[in-house]
Amino acid sequence: MTTASSPSCIALIPARSGSKRVPHKNIAPLMGHPLIAYTIAAAKQSGVFGRVIVSTDSHDYAKVARHYGAETPFMRPPEFSGDKSPDIDWIQHALRWFADQGEAYDAFALLRPTSPCRLPSTIQRAWDQFTRQEGVDSLRAVEPCAQHPGKMWVVRGERMHPLMPMQPEEITPYHSTQYPGLPRVYAQNASLEIAWSRVALEAGTIAGEVLTPFLTSGSEGLDVNSPRDWRLLEMMVEDGEAELPKIEQPAWQGD
């Protein structure tokens with residue numbers, strides 16, 4: 001998909017080793033392969049990226065990533081690998097590392113391993129939308145929210161208040177309105193984010209100020225972060241309700 005005249009883009013896959021809810025989540029087995037393998041496969045098969053990079057603080061994770069065709073040219077510094085470390089820190093580290101090697105990229109895509117049903121076609125669709133937009137800083141995957149914020153409350157002591165107060169022109173409060181009558185609201189999911197590198201390097205953000213929404217469909221935006229998520233996704237794949245990228249490499253067997 002990339003041509004000499006099109007913007008260059010690098011895939012950045014985060015894989016720190018300190019997951020708490022599911023130990024070693026990024027390399028935990030899913031349908032015969034480590035979780036991260038599906039994101040690597042989708043990125044490589046999409047044809048969008050000049051490089052597919054895994055940013056990790058673990059040498060063991062790096063071995064798994066290389067087995068499935070990703071590159072791990074550097075290890076993520078410990079100060080960018082905590083459970084509260086913001087994404088911008090490790091993304092800037094990766095982009096600056098390549099710039100120091102004389103290899104700058106116009107854009108980057110953030111592809112989280114916890115979204116394994118993101119297909120090569122998903123990435124292609126998102127890249128096409130992003131590059132056709134004028135004046136945007138980034139693209140972010142979203143889907144209609146399952147739990148509407150109009151039905152949510154802020155609790156303060158013994159009292160609570162609606163998160164979304166009734167607008168002046170509204171007659172019925174949102175919390176008492178049927179779902180079809182509520183404003184259309186979207187929630188971001190973990191499928192993907194794409195941004196111009198200048199946004200991260202100069203503005204210090206992965207989103208910027210002007211975002212375009214990328215609407216995922218079906219299982220594209222599914223996020224797995226707990227043992228229950230794993231079991232549910234495996235059942236969905238077996239029943240044909242969800243699809244995983246095809247993996248060409250034999251299953252990782254360890255050292």
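Student: How many positive and negative side chains does the protein have, and how far apart do the centres of the two sets lie?

Tutor: This is a predicted model. The protein has 24 positive side chains and 30 negative ones. The centres of the two sets lie 4 Å apart. Lys and Arg count as positive, Asp and Glu as negative.

Student: Which helices and strands are there, by number?

Tutor: There are six helices and ten strands.

Student: What makes the protein as compact as a globular protein of that length?

Tutor: Set the radius of gyration against the globule rule. The radius is 20 Å, and the rule gives 18 Å for 255 residues. The two are close, so the protein is as compact as a globular protein of that length. Along the principal axes, the C-alpha trace spans about 60 × 40 × 35 Å.

Student: Why is strand S4 called mostly covered?

Tutor: Buried means under 20% relative accessible area. Four of the five residues in S4 (residues 51-55) are buried, hence the label. Across the protein, buried residues make up 45% of the 255 residues.

Student: How do you know that strands S1 and S4 pair?

Tutor: Two strands pair if there are at least two bridges between them. Five bridges join S1 (residues 9-14) to S4, so the pairing holds. The two strands run parallel. Pro14 stands opposite Ser55 in S4.

Student: What share of contacts between residues at least 6 apart in sequence joins residues at least 24 apart?

Tutor: The share is 76%. A contact here means heavy atoms within 4.5 Å.

Student: What part of the accessible surface belongs to carbon and sulfur atoms?

Tutor: The accessible surface comes to about 13,300 Å², and 50% of it belongs to those atoms.

Definitions and conventions: Residues are numbered from 1 along each chain as its sequence is written. This is a predicted model: local features need pLDDT of at least 70, side-chain atom pairs count only at pLDDT 80 or more; totals for chains, interfaces and linings use all residues. Side-chain values use heavy atoms; hydrogens and water are left out. The radius of gyration is taken over C-alpha atoms; the globule rule is 2.2 Å times the number of residues to the power 0.38. Buried means under 20% relative accessible area, exposed over 50%, partly exposed in between (1.4 Å probe, protein chains only). Accessible areas come from the Shrake-Rupley method with a 1.4 Å probe; for residues, only the protein chains shown count as cover. The place of a charge is taken as NZ of Lys, CZ of Arg, CG of Asp or CD of Glu.
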